[in-house]
Amino acid sequence: MDRLTEAVESIANRKDELFALLAKLVSQPTVSPPARNSDEAQSVIASQLADMGFAVDRFQVYPGDDNVVGRLSGRDSARANSLIVNGHIDVAEVGDETGWTYPPFSLTLGADGRLYGRGVADMKGGLAASLFAIQMLREHGVELAGDLLFQSVIGEEAGEAGTLVAIERGYQADYAVVVDTSNLHMQGQGGVITGWITIESPTTLHDGMRAQTIHAGGRVRGASAIEKMMKVISALQELERDWAVMKAYPGFPAGSNTINPAVIEGGRHAAFIADRCALWITVHFYPNESYEQMIGEIEDHIRRAAAADVWLREHPPVFRWGGRSMIEERGEIFPSLELDANHPALAQLQAAYERELHAAPVVDMSPTVTDAGWFAHAGIPAVLFGPGELKHAHAVDESIDPDQLVQFAQIMARFIASWCNTPKEAKE
Ligand SMILES: [Zn+2]
């Protein structure tokens, strides 16, 4: 038997070790928000990487939340394909635990044969299985010619830019697999950007002035920022409808590209005319669109609507887009990922899947967003591929099928061994 086959078989034979690693990660309550609580979980990852021979780079994104990036240098790095395996260590909030059948921060094998615990599907399962796949490759002496990078990032659940920070630190590769929840589908995704649109008056008028600002002969050009925001909201609705009518992308229901007026804040007191109003919007866009393009389309449309208003044309709305954290900045960006169906890495991942499961994988679009878009945005081709189902992620009694976890690890072992041993110039 060749070394790779031995490694892949040992994943199944030693699956209890994989579950033990997952149990260690689940026992760390890395819930976000509040976040700033991932140090111990990241230490588990960092020491696992170090034990496997990775050079470990641990760096702070926020106090109490470090990214961990490990690099296993290939024996022919310059000529063979490199790979990034990326996942987030934070998990969704739990809130009231009384609804849980099993304790959320203790991995439990349920009566139905599924593994229970917060994060097993989203996405400590993907992290643990990827690490175990690499461990089995190492223990069975499967050599890699290209570099293998493993990134355990923080903050994804709260729109925090852990993956972006890792990319900005200079980590690059020929391909990236984000092992977030996809039920073993190979997926691209649409994108999300949030933004604040603010209308502000340079003068603050007393409520008693209202009659002069709205009635004949008043001769005061003032405005309620709240009322002016109504024009912005209706302009956004027109644009949203135009997008729904005019844009489409395979794999998405028509009209998925929405502009949600999610939060509004305005006015200071009943005794004043509102001199400030801010609207927080959430914009969903398709894989073939960039967030920069969405910013351009929305600003252009709102500026034209504002120019048609006698007061707004002098006091145009101000935009603040995105952000690196919903917690710190009340803003986030998830760039889109357009899947390159002809990429040789995807072909190798598909081949690994077929080898293990004797069926063709589903290649489609994620109905949600993950960090995978950051790689596409940085020019690194990527795919979203991980174990677990979205309906279990974030849910009470989050669970995963242990067999799928093992299958995922086996597919990853085959894919890593294949891709990192393919010459860069001959990308099949
Ligand atoms: Zn996730």
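Student: What share of the contacts in the chain with a separation of 6 or more comes from residues 24 or more positions apart?
Tutor: Such residues account for 79% of those contacts, where a contact means that two C-beta atoms, placed from the backbone, lie within 7 Å. Please keep in mind that this is a predicted model, in which local features need pLDDT of at least 70 and side-chain atom pairs count only at pLDDT 80 or more, while totals for chains, interfaces and linings use all residues. Residues are numbered from 1 along each chain as its sequence is written.

Student: How many helices and strands does the chain have?
Tutor: There are 11 helices and 16 strands. Both are DSSP runs numbered from the N terminus: H or I over at least four residues for a helix, E over at least two for a strand. The C-alpha atoms fill a box of roughly 95 × 50 × 35 Å along the principal axes.

Student: Why does G119 count as buried?
Tutor: A residue is buried if 20 or more other C-beta atoms lie within 10 Å of its own, exposed if 12 or fewer, and partly exposed in between, with C-beta atoms placed from the backbone. G119 has 34 such neighbours, so it counts as buried. Across the chain, buried residues make up 48% of the 428.

Student: Where is G119, and what does it touch?
Tutor: G119 is in the loop between strand 5 (115-116) and helix 4 (124-139). Leaving out residues up to four places away in sequence, G119 touches L25, V26, V91, K124 and E398. The C-alpha atoms of G119 and H394 are separated by 7.8 Å, although these residues are 275 apart along the chain.

Student: What makes the bond between D122 and M123 worth pointing out?
Tutor: Most peptide bonds are trans. The one joining D122 and M123 is cis, with omega about -10°, and M123 is in the loop between strand 5 and helix 4. Another cis bond joins P33 and P34, with omega about 10°; P34 is in the loop between helix 2 (15-26) and helix 3 (39-51).

Student: Why is L184 called partly exposed, and why is R219 called exposed?
Tutor: L184 has 19 C-beta neighbours inside 10 Å, which puts it in the partly exposed class. R219 has 8, so it is exposed. Phi is near 65° for L184 and near 60° for R219. Most residues other than glycine have a negative phi. L184 sits in the loop between strand 7 (175-178) and strand 8 (186-189), R219 in the loop between helix 6 (210-214) and helix 7.

Student: What makes helix 7 oblique to helix 8?
Tutor: The axes of helix 7 (residues 225-246) and helix 8 (residues 291-307) come within 10 Å and cross at roughly 130°. Angles under 35 degrees count as roughly parallel, over 145 as roughly antiparallel, 65 to 115 as roughly perpendicular and the rest as oblique. The crossing falls in that last class, so helix 7 is oblique to helix 8.

Student: Which residues make that contact?
Tutor: K231, V232, A235 and L239 of helix 7 meet I298, H301, I302 and A305 of helix 8. Six are nonpolar, one polar and one charged, counting Ala, Val, Leu, Ile, Met, Phe, Trp, Tyr, Cys and Pro as nonpolar, Asp, Glu, Lys and Arg as charged, and the others, Gly among them, as polar.

Definitions and conventions: Axes are lines fitted to C-alpha atoms, for helices over the stretch in contact, and angles run from 0 to 180 degrees between N-to-C directions.
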